[in-house]
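Biologist: Could you walk me through this one? I'd like to see how you get from the model to an answer.

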Amino acid sequence: MIDAALFSLPPSRGYFITGTDTGVGKTHAACLLIEALKRQGLRVAAMKPVAAGVGTDGMNEDVRRLVAASNVRAPLEQVNPYCFAPAIAPHVAAQQAGVCMSLEVMEQAYEKLAAQSDAVVVEGAGGFLVPMDEARGMDAIPLRLKLPVILVVGLRLGCLNHALLTAEAIRARGLVLAGWVGNRIDPHMEMGEENLTALRSLLRLPCLGLIARNGMSLEHDDPPKPC
Ligand SMILES: Nc1ncnc2c1ncn2[C@@H]1O[C@H](COP(=O)(O)OP(=O)(O)O)[C@@H](O)[C@H]1O
Ligand SMILES: [Mg+2]
């Protein structure tokens with residue numbers, strides 16, 4: 001139950017959702033978090049500062065899903081200040097479009113969202129250090145917005161290394177790493193429970209919950225009892 005997990009989160013105007021990789025369930029987890037915050041009676045805005053890849057209607061799928069989950073209506077340029085059509089690395093897409101992404105623009109958009117909501121759930125693009133340009137990575141966004149970070153771990157072979165590296169990078173920047181969410185993206189993962197045990201002990205961090213394969217809710221993480 002994410003509702004119970006919410007009590008492990010530090011009170012904050014917003015949260016930054018990152019993941020061990022692209023396609024690990026950041027948007028899925030962000031939407032579940034938004035739903036849980038809404039169940040607390042809160043006005044919850046969603047933000048995707050940088051998106052790459054649009055459908056035939058010109059909309060980015062993550063933005064569509066986040067907006068659908070949110071109960072705060074806001075102009076698209078606040079929810080998603082930077083959207084590039086090709087589904088490629090954002091810094092390459094920005095280069096091709098001749099755009100320099102501005103943290104100030106993102107901050108102004110975030111402040112407007114925060115002013116009309118109780119919480120803003122902000123989803124990064126790709127993994128934590130995906131570049132925005134030669135000098136800055138996605139980590140610059142939670143740093144600028146002073147947001148605690150939630151790490152979504154896509155549970156598959158290799159996730160221990162990705163999770164530990166990401167957690168180390170977040171902490172090394174002085175950001176608050178508020179918790180992690182395990183997402184069962186691989187139905188064929190072997191030794192899944194052993195991997196979860198390793199994540200619980202090595203991340204030294206509250207597990208906010210686990211998302212089942214095809215799960216539409218965040219289940220309470222019930223660690224096995226020691227024998
Ligand atoms: N627990 C899950 N069960 C089944 N499909 C999932 C699950 N989590 C994510 N997916 C699917 O995997 C894809 C990537 O998830 P998404 O949330 O978009 O990842 P990210 O935001 O990290 O790129 C999406 O098509 C999503 O619907
Ligand atoms: Mg996403």
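Modeller: Sure, one definition to start: a residue is near a molecule if its C-beta atom, placed from the backbone, lies within 6 Å of it. Keep in mind that this is a predicted model.

Biologist: So how many residues surround ligand 1, and which are the closest?

Modeller: With that cut-off of 6 Å, 16 residues surround the ligand. The closest are Gly23, Gly25, Lys26, Thr27 and His28.

Biologist: Which element gives the largest share of the shell around ligand 1?

Modeller: By class, the shell has 3 nonpolar, 9 polar and 4 charged residues. As for where they come from, the largest share is 3 residues, and it belongs to H2.

Biologist: How do helix H2 and helix H3 run relative to each other, roughly parallel or roughly antiparallel?

Modeller: H2 covers residues 26–39 and H3 covers residues 61–69, and their axes lie 9 Å apart at an angle of about 10 degrees. Angles under 35 degrees count as roughly parallel. So H2 and H3 are roughly parallel.

Biologist: And what classes of residue make up the contact of H2 with H3?

Modeller: On the H2 side we have Thr27, Ala30, Cys31, Ile34 and Glu35, which meet Asp62, Arg65, Leu66 and Ala69 in H3. Sorted by class, that contact has 5 nonpolar, 1 polar and 3 charged residues.

Biologist: Where do the buried residues of H5 sit around its axis?

Modeller: In H5 (residues 90–97), the buried ones are Pro90, His91 and Ala93. Their arc around the axis is only 160 degrees, so they are on the same side of H5.

Biologist: Which strands help cover the buried residues of H5?

Modeller: We're looking for what covers Pro90, His91 and Ala93, the buried residues of this helix. The cover includes strands S3 (50–52) and S4 (82–84).

Terms used. Residues are numbered from 1 along each chain as its sequence is written. Chains are lettered from A and ligands numbered from 1 in the order in which they are written. This is a predicted model: local features need pLDDT of at least 70, side-chain atom pairs count only at pLDDT 80 or more; totals for chains, interfaces and linings use all residues. A residue is buried if 20 or more other C-beta atoms lie within 10 Å of its own, exposed if 12 or fewer, and partly exposed in between; C-beta atoms are placed from the backbone. Helices (H or I, at least four residues) and strands (E, at least two) are DSSP runs, numbered from the N terminus. The arc is that of the directions from the helix axis to the C-beta atoms. Two residues are in contact if their C-beta atoms, placed from the backbone, lie within 7 Å. Axes are lines fitted to C-alpha atoms, for helices over the stretch in contact, and angles run from 0 to 180 degrees between N-to-C directions. Angles under 35 degrees count as roughly parallel, over 145 as roughly antiparallel, 65 to 115 as roughly perpendicular and the rest as oblique. Ala, Val, Leu, Ile, Met, Phe, Trp, Tyr, Cys and Pro count as nonpolar, Asp, Glu, Lys and Arg as charged, and the others, Gly among them, as polar.
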